[in-house]
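Here is a walk through a structure you have on screen. Keep the 3D view open and turn it as you read.

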There are 2 protein chains.
Amino acid sequence: LKCGGRKDVELNRNITQALIEIVGPVNFSDSLIDLVSYSYDASDHDRRPEAAVWPQSAEQVSRILSLANERLFPVIPRGAGTGLAGGAVPILGGLVLDLCRMNRILDISTADRLVVVQPGVVYAHLEKELSRHGFFFPPDPASGKVCTIGGNAATNASGLRGAKYGTTQDYVKQLEVVLPDGKIMRTGSRCLKSASGYNLTGLFVGSEGTLAVITEITLKIIPKPTSYRTGLAFFDSLETASQTVVQVIQSGIVPSILELLDDNSIKVLRQYGNMTLPDARAMILVETDGFTQAEASYQMERVTELFRKHGAVDIQTAVTSKGVEELWRARKSVGSIAGRLRPNNVSEDVTVPVSKVPQLLSKITAVIQKYGFPFVIFGHAGDGNLHPKIMYDRSDAEQKRNIKSMVAEIFELTCALGGTITGEHGVGLEKAPFMKLEHDEAALQTMLSFKKILDPNNILNPGKMDFHY
Amino acid sequence: LKCGGRKDVELNRNITQALIEIVGPVNFSDSLIDLVSYSYDASDHDRRPEAAVWPQSAEQVSRILSLANERLFPVIPRGAGTGLAGGAVPILGGLVLDLCRMNRILDISTADRLVVVQPGVVYAHLEKELSRHGFFFPPDPASGKVCTIGGNAATNASGLRGAKYGTTQDYVKQLEVVLPDGKIMRTGSRCLKSASGYNLTGLFVGSEGTLAVITEITLKIIPKPTSYRTGLAFFDSLETASQTVVQVIQSGIVPSILELLDDNSIKVLRQYGNMTLPDARAMILVETDGFTQAEASYQMERVTELFRKHGAVDIQTAVTSKGVEELWRARKSVGSIAGRLRPNNVSEDVTVPVSKVPQLLSKITAVIQKYGFPFVIFGHAGDGNLHPKIMYDRSDAEQKRNIKSMVAEIFELTCALGGTITGEHGVGLEKAPFMKLEHDEAALQTMLSFKKILDPNNILNPGKMDFHY
C-alpha cells in the first residue's frame with residue numbers, strides 16, 4: 001500500500017505552512033489531541049494522521065488536493081467519523097480533511113423536491129429543517145443524530161427504511177466534487193430525471209472518498225407520510241419469525257420498517273435495557289405509513305394476519321405514542337447496550353436477497369456459537385440487511401485471532417447465499433480483503449482502472465476498498 | 001469520428017465468415033432488407049450497417065466484441081429501435097448487434113422483489129408477467145408495447161410515472177455486461193441494497209451501449225397499487241395550468257401521473273383524434289394511487305382543491321373506467337396524431353426543475369412560434385419533463401435549417417433554466433453536440449476518460465454522446 005509510490009509519508013514544515021496558507025491557522029491543527037481524535041472512527045481500526053484541516057470551500061479543497069498531488073501525501077476526507085468499516089481511518093497517516101465546517105443547508109426547494117447541502121450538514125439537522133416543510137430525506141442511519149450527509153453520500157448509507165424508501169444513492173441528483181487533481185466538477189442534474197451522459201453522480205456516491213471529495217450534495221426529497229401504524233410481534237423461533245418476514249414481502253406489502261431481533265437482543269433489552277418484554281426467541285417490529293390512517297392500517301392488517309398465520313405468540317399493534325417511542329428507542333439502543341458486554345466488538349451489515357434471510361440467520365448464529373462469543377443479531381430484515389454484533393476483548397490474542405476467522409466465515413457464507421459483504425456501512429479497511437468474495441475479477445479490475453485514472457498517485461483515502469497500489 | 005483509428009470500415013468476407021461461425025447462419029444477415037431496416041430508429045437519422053447479428057448468449061457477444069477489437073469494426077447494440085435520439089443508428093456502418101432474440105425472463109422472485117431478464121424482453125411482456133404476481137416495474141416508456149428492457153436500461157428510460165416512481169436507473173440492481181474487450185462482467189448485487197465497491201451498475205445504465213453490451217438485467221420490482229383515482233382539468237391559460245402543477249408538487253402530493261397538454265395538443269385531439277374536449281388552453285391529467293381507495297382519494301382531493309383554487313374551468317374526477325381508458329389513449333396518442341401533420345418531426349424531452357416548468361413552456365412556445373412550425377407540447381410536468389414535438393418537411397432545405405437552429409435554441413434555453421437536454425430519451429446522435437451546454441469540461445473529460453479506458457478502439461456504438469475519437 002503506497003501513496004505517490006511511497007510507503008512512508010511525512011508532512012514536513014513546508015507542507016504544513018502551505019496548508020495553513022490555504023485554510024488559515026484556525027482551520028489547521030497538528031495538536032496531539034486532534035491527531036488522536038482523528039486516528040479512529042467507530043470501527044476497530046486506528047492510525048494517527050500528521051495533521052488535520054477544516055476547509056471552508058471547494059476552492060480550498062481544490063488547492064489542498066493540488067498540493068497533495070504535488071508533494072505526494074494522503075488526504076483522508078472525513079465526516080462525523082461514525083463509520084463502522086474504518087473508511088475514515090488514515091491508515092498511511094497524512095492529512096485528515098474534516099468537512100464538518102462546511103455545514104450549511106444552501107437551498108430547500110419543495111417545488112423542485114430538492115435540498116442542496118454542504119457535506120458537513122448533520123442528518124438530524126437536515127431532517128428537522130425538512131420536516132417543517134412536510135418533506136423528508138428517508139435514508140436514516142442509526143448515527144443520524146451526528147452523522148453528516150457527506151459521509152452518508154460517500155458510503156451510500158441507509159437505515160431502517162431502506163426496503164420501502166431505498167438508500168442514499170436513490171436520492172443524490174447532483175454533486176459538486178473536487179477531483180484528486182484539484183479540478184472542481186459538477187455531476188448530474190438538478191432535475192428529478194435526466195438521461196444525459198454517464199451517471200457520474202452514481203459512481204461517486206458510495207466511493208468512500210477514494211475518487212473525489214464531495215463538496216456539495218443535491219438530494220431529492222419526498223413528502224413525509226402523515227399517518228403511521230406500529231406493530232410488534234414475538235415468536236418462539238427465529239426461523240419462524242424470519243420466514244414470516246419473507247411472507248410479508250412476498251405478499252406485496254413493503255412496510256416502511258420491518259425489523260427483526262433475535263433472542264439475544266431480547267435478553268439484552270430485558271436485562272440491561274430495562275424493557276419489559278416477553279421471554280421470546282424473536283421479535284419483529286413493524287411500521288406502515290401513508291397519507292391516510294386507512295392506508296397505514298390496511299397494510300398493518302395484512303402484516304398482522306401473516307404474523308397470526310405464522311404463530312406469533314404475542315402481537316401488539318394498538319401501542320400508544322409513548323409506547324412507540326420506547327420501542328424505537330429500544331431497537332436503536334440494542335447495539336450500544338450489547339456493546340457494553342465486552343471491551344470490543346465488531347458490527348457487521350451483511351445483506352442477502354430477502355428469501356435468504358432465514359438461512360443467513362441460522363448460519364451466522366451457528367458460526368458465532370462455534371466460536372463462543374457473546375452476540376446479538378438484529379437488522380432491517382425487510383431488505384435483507386442483518387447486523388450481527390459480536391463482543392470480544394481485543395487484548396486477548398486468541399479472541400482477536402478467532403474474531404478474524406469468524407468474520408471471514410460470516411462474509412463467505414453471506415456471499416455463498418448471493419449476498420453482499422456490506423449493505424450500508426461501506427467497505428473501508430474492514431472489508432477490503434473480502435471484496436473478491438463478492439465481485440468478479442473483471443469488476444474489480446474495472447473499479448481499479450477508474451481509481452487509477454482519477455487518482456494515479458493514490459492520494460485520496462489510500463487503502464480503502466480493495467485498491468492496493 | 002473514427003473506429004480503430006479509421007473512418008471507413010468494411011466488414012470483409014473474412015469477418016462475416018467469422019461472425020457466422022459465432023452466431024450460426026440463421027442469426028446473421030447482410031440482406032438488403034435487414035440492412036435498410038437497421039439503418040434507422042425512431043429519430044431523424046439514418047445510415048446503413050454492413051451486417052447484423054442476433055446473438056443468443058453473453059458468450060457469443062463476447063466473441064463478437066473480441067473479433068471487433070481485433071479487426072476494428074463498429075458494433076452497434078440495438079433493442080427495438082424505438083429510440084428518439086439516434087442511439088441505435090450505425091453512423092459509421094459496421095455491425096448491428098440486435099439483442100431481440102435474447103428475450104427470456106429468467107427469474108421472477110417476489111420474496112426478493114426482483115426479476116431477472118435478458119435484454120430483449122419487451123416491456124409490455126414483463127409488465128404482464130409481473131402483474132400476475134401483483135408487482136410492477138414502473139418506468140413505462142410510451143413505446144412500452146414494443147421497447148426492450150435492454151434498451152430501457154441503456155438509455156435510462158422512464159415515462160408517465162417518473163415523478164412518483166423514478167426512472168430505470170432506480171430499479172437496476174445488477175447487470176451482466178460484456179466489455180468491449182470481450183470480458184463478461186457482473187456488476188452490483190442481487191440484494192435490495194449494497195454499499196460494496198463502486199457503483200458500476202449505475203454507470204452502465206444510461207451509457208447507451210458505448211461502454212458495454214448489457215446481456216442480463218436484474219430489476220427491483222414493487223407491489224402494484226390496488227386503488228387508483230383519475231382526474232382531468234381544463235384551464236384557460238397554459239401559464240395558470242403550469243403554475244398549478246408547481247403548486248401540487250409543493251403541497252406534498254406526488255401523483256403517480258401528472259400530465260400537462262397545451263392548447264395545440266387539445267386541438268389535435270379534438271380535430272384528428274375524435275375526442276370531445278372543451279376548447280381550452282391547457283389540460284392536466286392526473287392519477288393518484290395507493291392500496292386503499294381512501295389513500296388514492298385523499299390525494300386526488302388535495303389535487304383538485306388546488307385545481308379549483310387556480311381557476312380550472314372544468315374538473316372531472318368521477319370518470320368511468322371506460323372514460324379513463326379513453327383519456328390515457330388520448331394522452332398516449334397525441335404525439336403520433338400530431339406527427340401526421342407534416343412528413344417529419346422532432347420530438348424532444350427537455351426537462352427542468354419543476355419550479356421552472358412555467359418558464360420552460362412559455363419560452364419554448366415563443367421560440368417555436370418564431371420559426372412558425374406546427375407543434376404540440378405535452379409531457380410529464382410532475383417531474384419537469386416536457387415533450388415539444390415539432391412537425392416539418394425534411395425535403396425543404398430551409399425548413400431543415402430552421403429546425404436545426406430552433407432545436408439548438410430550445411436546448412440553450414432549457415440549460416439556462418438549470419435543465420437537462422434529455423430527461424428520458426438519451427443523447428444519441430441528436431443531442432451529442434449539446435452535451436457541453438449541460439456538463440462542465442471536467443465532467444465531459446471524466447466521461448471521455450472512462451470511455452477511453454474501457455473502449456480504446458471506439459468499437460462500441462461510435463459517435464454517440466459527445467465522444468469523438
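Leaving aside neighbours within four places in sequence, which residues is Gln60(B) in contact with? They are Ile22(B), Val23(B), Trp54(B) and Pro55(B). Keep in mind that this is a predicted model. Gln60(B) sits in helix H3 of chain B, which covers residues 58-71. At 15% relative accessibility, Gln60(B) counts as buried, because the cut-off for that label is under 20%.

Now for a contrast. Asn12(B) lies in the segment before helix H1 (13-23) of chain B. With 28% relative accessibility, Asn12(B) counts as partly exposed. If you want a feel for distances, pick Asn12(B) and Ala233(B): they are 221 residues apart in sequence, and their C-alpha atoms are 60 Å apart in space.

**How the two chains relate**

Chain B superposes on chain A after a rotation of 180° with 0.0 Å of shift along the axis, and the RMSD is 0.0 Å. That is the relation of a two-fold axis. The same surface serves both copies, as 100% of the contact residues of chain B recur in chain A.

**The nonpolar core**

The largest nonpolar core has 182 residues, and Phe204(A) and Phe204(B) are the ones with the most contacts inside it. In soluble globular proteins, nonpolar side chains tend to be buried together. What does Phe204(A) touch, not counting residues up to four places away in sequence? Its contacts are Ala153(A), Leu175(A), Val177(A), Leu179(A), Met185(A), Thr187(A), Leu211(A), Ala212(A) and Leu454(A).

**A five-strand sheet in chain B**

Chain B has an open sheet of 5 strands in the order E5-E6-E10-E8-E9, with antiparallel pairing. Strands E5 (105-109) and E9 (184-188) of chain B stand at the edges with a single partner strand each, so one side of each is left without a neighbour in the sheet. On average, neighbouring strands of this sheet are turned by 10° against each other, direction ignored. E5(B) pairs with strand E6 (residues 114-117) of chain B in the antiparallel sense over 4 bridges, and the bridge partner of Asp107(B) in E6(B) is Val116(B). Helix H4 (residues 123-132) of chain B packs on this sheet, touching E5, E6 and strand E10 (213-220) of chain B. The direction of H4(B) makes about 35° with that of E5(B).

**A seven-strand sheet in chain A**

Over in chain A, look for an open sheet of 7 strands, ordered E15-E12-E14-E13-E17-E18-E16 and with antiparallel pairing. Its edge strands are E15 (314-316) and E16 (344-347) of chain A, each pairing on one side only. The twist averages 15° from one strand to the next. Strands E13 (residues 257-262) and E14 (residues 282-290) of chain A run antiparallel and are joined by 6 bridges; Asp262(A) has Ala282(A) as its bridge partner in E14(A).

Two of the helices that pack on this sheet are set out here.

| Helix of chain A | Strands of chain A touched | Angle with E13(A) |
|---|---|---|
| H8 (residues 238-250) | E12 (227-235), E13, E14 | about 170° |
| H9 (residues 263-271) | E12, E13, E14, E17 (375-380) | about 85° |

**Strand E12 of chain B**

Strand E12 (residues 227-235) of chain B is mostly covered, with 7 of its 9 residues buried. E12(B) runs antiparallel to strand E14 (residues 282-290) of chain B, and 9 bridges join them. E12(B) also pairs in the antiparallel sense with strand E15 (residues 314-316) of chain B over 3 bridges. Phe234(B) is a handy residue to click on: Phe234(B) stands opposite Met283(B) in E14(B) and opposite Asp314(B) in E15(B).

**Helix H12 of chain B**

How far does helix H12 (residues 357-371) of chain B reach from its first C-alpha to its last? H12(B) has 15 residues and reaches 21 Å, close to the 21 Å expected at 1.5 Å a residue. Its buried residues are Val357(B), Pro358(B), Leu360(B), Leu361(B), Ile364(B), Thr365(B), Val367(B) and Ile368(B). An α-helix has 3.6 residues a turn, so residues three or four places apart point the same way. The buried residues of H12(B) pack against helices H8 (238-250) and H13 (397-416) and strands E13 (257-262), E17 (375-380) and E18 (385-392) of chain B. Just after H12(B), Gly372(B) takes a positive phi of about 75°.

Note on methods:
Residues are numbered from 1 along each chain as its sequence is written. Chains are lettered from A and ligands numbered from 1 in the order in which they are written. This is a predicted model: local features need pLDDT of at least 70, side-chain atom pairs count only at pLDDT 80 or more; totals for chains, interfaces and linings use all residues. Side-chain values use heavy atoms; hydrogens and water are left out. Copies are superposed by least squares on the C-alpha atoms of residues with pLDDT of at least 70 in both. Contact means heavy atoms within 4.5 Å. Helices (H or I, at least four residues) and strands (E, at least two) are DSSP runs, numbered from the N terminus. The expected span of a helix is 1.5 Å times one less than its number of residues. Buried means under 20% relative accessible area, exposed over 50%, partly exposed in between (1.4 Å probe, protein chains only). A nonpolar core is a set of buried Ala, Val, Leu, Ile, Met, Phe, Trp, Tyr and Cys residues joined through side-chain atoms within 4.5 Å. Two strands pair if DSSP finds at least two bridges between them. Axes are lines fitted to C-alpha atoms, for helices over the stretch in contact, and angles run from 0 to 180 degrees between N-to-C directions.
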